[in-house]
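Subject: Structure for you to look at

Hello,

I am passing on the structure we spoke about. Please open it first, then read the notes below beside it.

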Amino acid sequence: MATSTVRVKVPVSVDASRCIASKGCTVCVDVCPLDVLVIDKVKGVALMQYDECWYCTPCEVDCPTDAVSVEIPYLIK
Ligand code: SF4
Ligand code: SF4
């Protein structure tokens, strides 16, 4: 039987090529009121660890390199 990988889309994505977590940045992690963002220490990038979000956007606004994108669902725009 063929196996397939289902990629779950999370509301917050981080552009790894822009993220400077490997240089010590933790801004998005620090500002998130839900603590859903973490730094992947192996890859040196921030990522969403739980698919839960208030769409409050400080992670996107405060990121010094514009690496964070918050995708606000159409229904709550
Ligand atoms: S604030 Fe931006 S640069 Fe800093 S860790 Fe988060 S995504 Fe990376
Ligand atoms: S939008 Fe708000 S709740 Fe969602 S990850 Fe960013 S700071 Fe956290």
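One residue makes a convenient starting point: L47 is part of strand 3. Please keep in mind that the whole model is predicted. Is L47 buried, exposed or partly exposed? Its relative accessible area is 30%, and L47 is partly exposed because that value falls between the cut-offs of 20% and 50%. Setting aside residues up to four places away in sequence, L47 touches V14, V36, L37, V38 and D40. V68 is 21 residues from L47 along the chain, and their C-alpha atoms are separated by 9.2 Å.

Overall layout

The protein contains two helices and four strands. Along the sequence they follow the pattern β-α-β-β-α-β. There are 77 residues in the protein, and 27% of them are buried. Taking contacts between residues at least 6 apart in sequence, 52% join residues at least 24 apart.

Strands 2 and 3

Strand 2 covers residues 37-40 and pairs with strand 3 in the antiparallel sense, over four bridges. Within this pairing, L37 of the one strand is opposite M48 in strand 3. How many residues lie between the two strands of this hairpin? There are four, and G44 in the turn has a positive phi of about 70°.

The core

The largest nonpolar core has 16 residues. Which of them touch the most other members? They are V12, C19, C28, L37, C59 and V68. Helix 1 (27-31), strand 3 (45-48) and strand 4 (68-70) each supply at least two residues of this core. Strand 3 gives the most, with three residues.

V68 is worth following further. Neighbours within four places in sequence aside, V68 is in contact with V12, S13, V14, C28, C59, E60 and C63.

The two ligands

Around ligand 1 there are 14 residues, and C19, I20, C25, C28 and C63 come nearest. By class, this shell has 13 nonpolar residues, one polar and no charged.

Ligand 2 is surrounded by 13 residues, of which C32, C53, C56, T57 and C59 are the closest. How does the shell around ligand 2 divide by class, and what is the count for each? It has twelve nonpolar, one polar and no charged residues.

Some of these names have come up before. C19 and C28 are among the core members with the most contacts to other members, and both are also among the nearest residues to ligand 1. C59 is in that core list too, and it is one of the closest residues to ligand 2.

A salt bridge

The structure holds one salt bridge. It joins R18 to D15, with the closest N and O atoms 3.7 Å apart. R18 is partly exposed, at 41% relative accessibility. D15 is also partly exposed, with a relative accessible area of 32%.

After strand 4

E71 is found in the segment that follows strand 4. Its relative accessibility is 48%, so E71 counts as partly exposed. Which residues does E71 touch, not counting those up to four places away in sequence? These are K9, P11 and Y55. E71 and Y55 are 16 residues apart in sequence, and their C-alpha atoms are 7.9 Å apart in space.

Regards

Key. Residues numbered from 1 in each chain as written. Chains lettered and ligands numbered in written order. Predicted model: local features only at pLDDT ≥ 70, side-chain atom pairs only at ≥ 80, totals over all residues. Heavy atoms only, no water. Near = heavy atom within 4 Å. Nonpolar A, V, L, I, M, F, W, Y, C, P; charged D, E, K, R; others polar. Core = buried A, V, L, I, M, F, W, Y, C linked by side-chain atoms within 4.5 Å. Buried < 20%, exposed > 50% of the residue type's maximum accessible area, 1.4 Å probe, protein only. Contact = heavy atoms within 4.5 Å. Salt bridge = Lys/Arg side-chain N within 4 Å of Asp/Glu carboxyl O. Pairing = 2+ DSSP bridges.
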